[in-house]
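Biologist: Before we talk, could you put the sequence and the model in front of us? I would like to go through a few places one at a time.

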Amino acid sequence: YLKISKLALAFAIIRSKPPGKSCKEYTEHLAKIVSEQDTSLVSEILWKSKVEALEAEVLRLRQELLLNKICPKFGLESRKSGASDENPLVQESAYPMSYSSQLEDSGCDVSNDYAFDSLGTTSDFHQSERNLHPSKYCLEIAPPLSLCCANKEEPLAAPVQFLQHLLEIRKLSEIGNLQADFTKLEDDSSTICSSVSQLLDGLTAFYNSPKFPISDILTEAICVLISLIADTKLSNHVVKKCFKKLDEFQKKLIQIILRSSSINRFQGLHAVSHVLVLLGRNNILRNSLISLLLSEVHQFAEQMCQAHQIQDACDITQYENIFYLFMILEQLLQNETEESNVSSSQYDGEEKNKFMKNLDQIILHLSDEFPLFSLYLWRVSVLLNSAQIQ
């Protein structure tokens, strides 16, 4: 193979040789160009790596400075020397034991722990929501303050640690143990936005190619994110100012669910669905998320209807994945929110009208060949109209 490749290269050089140059001169000229390109590429990669490292260091310093502005007393000197290094965000908060214990399973077996209830949601979702109740979810044990730069293996470490300490200051100031000035967040909102952005990018990278069992740092990252957007005081600084980034994050997670095609993908899809449900508990993010889900479900339903009319085969993989979107939608629409007495079923966005338009005809066309899909469409429509019925 190597001899054939060399011979082919020699013929290519001879045939493309410009007039006035010998084959040797032209070959040396081409070798010089390739060598310069390789050197330039290596140099570009090195410089890019240096720039990223410097940017990370600048963000780390900005994070530390912001914490000192909010609460100058919050530092190593104010902490007990015997402070525990125990992780304050236990793994069971984001992923219950019944879920984490099955992470290494192929995803094909359905045990009693995964049995669907009457609305198609799993017991794990309900257990997780109880564990992550905002009033109970707090940092009881805080790690020592050490904003070290994250290594390549743990790109989430730096933003997670910064946001952890921000939540800790918030909790300690609420119970009167610390004096903190959170108006400083208004003066330097870019730091917290950059940290949240870095956190979301890290989570997106994981869910694009998930590895199980889930590492502690990832579990911690999810818990910090959910706690951050659930905190009434910090939520105004995070959700509203980072809404565009959070909205993009939700869109990416939905696309990950729809496009996932690996055989043992169900563990990852369950984890992504779980995060979307937790994000949807926020009043601001909920309507946006419901709109995105309704749009994708409606679009797929129309594609199914068109394929049925022309007797074309549907995408079985996407058909299986779409039921995760149904599960998330039902979870967001069926219950009253824990933060307020306003029912989620009162959602009345533009996507609702698009979804309900011609829905009866779509269900009628698909009910014989796809009864389960039609049933889920009908159940979502009932939940959307429940406020009207009441």
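Biologist: Is Asn358 buried, partly exposed or exposed?

Modeller: This is a predicted model, so the answer rests on computed values. Asn358 lies in the loop between helix H15 (350–356) and H16, and its phi is near 60 degrees, a positive value in a residue other than glycine. Buried would need under 20% relative accessible area and exposed over 50%. Asn358 has a relative accessibility of 44%, and therefore counts as partly exposed.

Biologist: Which backbone oxygen lies 3.2 Å from a polar atom of the side chain of Ser367?

Modeller: Ser367 is found in the loop between helix H16 (359–366) and helix H17 (371–389), and with a relative accessible area of 28% Ser367 is partly exposed. A polar contact asks for N or O atoms within 3.5 Å. At 3.2 Å from a polar atom of the Ser367 side chain, the partner is the backbone oxygen of Leu364.

Biologist: Where is Ser273, and what is its relative accessibility?

Modeller: Ser273 has its place in helix H12 (residues 266–279). A polar atom of the Ser273 side chain lies 2.7 Å from the backbone oxygen of Leu269. Since the cut-off for buried is under 20%, Ser273 counts as buried, its relative accessibility being 0%.

Biologist: Which helix gives the most to the largest nonpolar core?

Modeller: The largest nonpolar core has 87 residues, and those with the most contacts inside it are Leu203, Tyr207, Phe373 and Leu377. The helix that gives the most to this core, with 11 residues, is H14 (residues 316–334).

Biologist: Why does this core lie between domain 1 and domain 2?

Modeller: Domain 1 covers 157–280, while domain 2 is made up of 282–335 + 346–389. The core lies between them because residues are given to it by both domain 1 and domain 2.

Biologist: Which helix gives the most to the lining of the largest cavity?

Modeller: The count comes to one cavity of 30 Å³ or more, and the largest cavity has a volume of about 30 Å³. Leu200, Asp201, Thr204, Lys245, Glu248, Phe249 and Lys252 line this cavity, and the elements that give two or more residues to the lining are helix H8 (189–208) and helix H11 (243–259). With four residues, the helix that gives the most is H11.

Biologist: How many residues of that lining are nonpolar, polar and charged?

Modeller: Among the lining residues are Leu200 and Phe249, which count as nonpolar because Leu and Phe belong to that class. The lining divides into two nonpolar, one polar and four charged residues.

Methods. Residues numbered from 1 in each chain as written. Predicted model: local features only at pLDDT ≥ 70, side-chain atom pairs only at ≥ 80, totals over all residues. Heavy atoms only, no water. Core = buried A, V, L, I, M, F, W, Y, C linked by side-chain atoms within 4.5 Å. Buried < 20%, exposed > 50% of the residue type's maximum accessible area, 1.4 Å probe, protein only. Domains from an automatic or database assignment. Polar contact = N/O pair within 3.5 Å; in protein donor to acceptor, adjacent residues only side chain to side chain. 1 Å grid on protein atoms, 1.4 Å probe; cavity = no way out; pocket = protein on both sides within 12 Å on 5 of 7 lines; lining within 4 Å. Points joined across faces, edges and corners; volume = space filled by probe spheres on them.
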